[in-house]
Amino acid sequence: MNKLLSIGEALIDMIPEQVNVGISEVKQFQPIVGGAPANVCGAFVKLGGAAEMITQLGDDPFGDKIVAEFERFGIGKQYVKRTDKANTALAFVALKEDGNREFSFYRRPSADMLLCAEDIKEEWFEKEYALHFCSVSLGDFPMKEAHRQAITYAQKAGLLISFDPNLRKPLWSSEETLYRTVHEFIPSAHILKISDEELEFLTGKTEITDVLEKLFVGNVEMVIYTKGSDGAECYTKKAKAFAPCEKVKAVDTTGAGDGFIGSFLYQLYAGGITAENIAEVSAEQMERFLTFSNRFCGYSVQRKGAIASYPVKEEI
């Protein structure tokens, strides 16, 4: 079975027991395995696919917890390194009444940030399906170069490449650096997934239709635009589609966007969509994929955490 490879951070989300209070007021946190690229692997695997996570963890109990979680859900860990040079990353989260979040990150540096280009091996990418990455690990540290190397090998092997910026502004020295870095990496991807919360920052516009032509740069063949409870849109240069969301009571939106793109990538995989034919995906196919991923997220946000909250195919 061809695998999804995902590179970047695997970390511990410290989820609060109390809702509608800031991080400084939370009395108790529960450690949950997360990190956007790892969550995408989790969604892909839960639906029946195979995935490998490319990351580095600390030689600490939190790193052990992540490895155990990967084993529990069947996420590949043969490309997960361990180090005593830094600890596993932590992300403390506060939940508002509507399920949205406030973050405080502990990664100065964390183990994932220290993964080097030399740690990435070309043979990992041979005969696999896709490579997914985000922007959290693209700061000015070794992991950025590990991403460049992974993308180079993925392109050479003909893999489908997916990029979800998943913006976390507090992690960056300046918003200008974040903006410049995201736009540097967009042309490397076949699929660009952005949310309504990210659109204006990345494009200066509030309507996706005003900037589509500018987003189809480099290798980009598909743009996925998620709008939370307002549904999602998908565009290629030839077709477009929209699917609404069923209204649900959100308990925790942690990992919802990751679940969306992970489940969308699984559907592309199951449908035989590759880097070679993604430009030919029909509007009908896109609408079907969007509807499924919206439903997948609807299940996820009604439960706490990320990977553990994702439904299996039978639930959908």
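These legends walk through several close-up views of a predicted model.

**View 1. The open sheet and the order of its strands.** Let's begin with the framework: nine strands form an open sheet, and their pairing is mixed. Reading across, the order is S5-S4-S1-S8-S9-S10-S11-S12-S13. The edge strands are S5 (80–83) and S13 (240–243), each of which pairs on one side only. On average, neighbouring strands of this sheet are turned by 15° against each other, direction ignored. To see one pairing up close, look for S9 and S10, which pair in the parallel sense over two bridges. Here Phe 163 has Leu 192 in S10 as its bridge partner.

**View 2. Helices lying on the strands.** Which strands does helix H1 (residues 36–46) lie across? They are S1 (4–7), S4 (51–58) and S8, and H1 runs at about 145° to S4. Helix H3 also packs on the sheet, where it touches S1, S4, S8 and S9. The direction of H3 makes about 155° with that of S8.

**View 3. Strand S6, covered on both faces.** Strand S6 spans residues 90–95, and six of its six residues are buried. You can follow the two sides in turn: Leu 90, Phe 92 and Ala 94 are on one, while Ala 91, Val 93 and Leu 95 are on the other. S6 has partners to find as well. With S2 (residues 11–16), S6 pairs in the parallel sense over three bridges, and Ile 12 stands opposite Leu 90. With S7 (residues 101–106), S6 runs antiparallel, joined by six bridges. In that pairing, Leu 90 stands opposite Tyr 106.

**View 4. Two helices side by side, H3 and H4.** Two packed helices are described by the angle between their axes and the distance between the axes. The axes of H3 (residues 142–157) and H4 (residues 175–185) come within 12 Å and cross at roughly 15°. Angles under 35 degrees count as roughly parallel, so H3 is roughly parallel to H4. Their crossing is right-handed. Where the helices meet, H3 brings Lys 144, His 147, Arg 148 and Ile 151, and H4 brings Thr 181, Glu 184 and Phe 185. Sorted by class, this contact has two nonpolar, two polar and three charged residues.

**View 5. Helix H5 and its surroundings.** Within H5 (residues 196–203), the residues Glu 198, Leu 199, Phe 201 and Leu 202 are buried. What covers these buried residues of H5? The cover includes S9 (160–164), H4, S10 (191–195) and S11 (222–226). Just after H5, look for Gly 204, which takes a positive phi of about 80°.

**View 6. Two glutamates, Glu 69 and Glu 126.** Find Glu 69 in helix H2 (residues 61–73). Is Glu 69 buried or exposed? Its relative accessible area is 12%, and buried means under 20%, so Glu 69 is buried. Leaving aside neighbours within four places in sequence, Glu 69 is in contact with Val 33 and Ala 308. Now turn to Glu 126, in the loop between S7 and S8 (130–134). Glu 126 counts as partly exposed because its relative accessibility is 49%, between the 20% and 50% limits. Glu 126 and Lys 3 are 123 residues apart in sequence, and their C-alpha atoms are 10 Å apart in space.

Notes:
Residues numbered from 1 in each chain as written. Predicted model: local features only at pLDDT ≥ 70, side-chain atom pairs only at ≥ 80, totals over all residues. Heavy atoms only, no water. Buried < 20%, exposed > 50% of the residue type's maximum accessible area, 1.4 Å probe, protein only. Helix = DSSP H or I, 4+ residues; strand = E, 2+ residues; numbered from the N terminus. Pairing = 2+ DSSP bridges. Contact = heavy atoms within 4.5 Å. Axes fitted to C-alpha atoms, helices over the stretch in contact; angles between N-to-C directions. Parallel < 35°, antiparallel > 145°, perpendicular 65-115°, else oblique. Left-handed = near helix turned anticlockwise from the far one by under 90°. Nonpolar A, V, L, I, M, F, W, Y, C, P; charged D, E, K, R; others polar.
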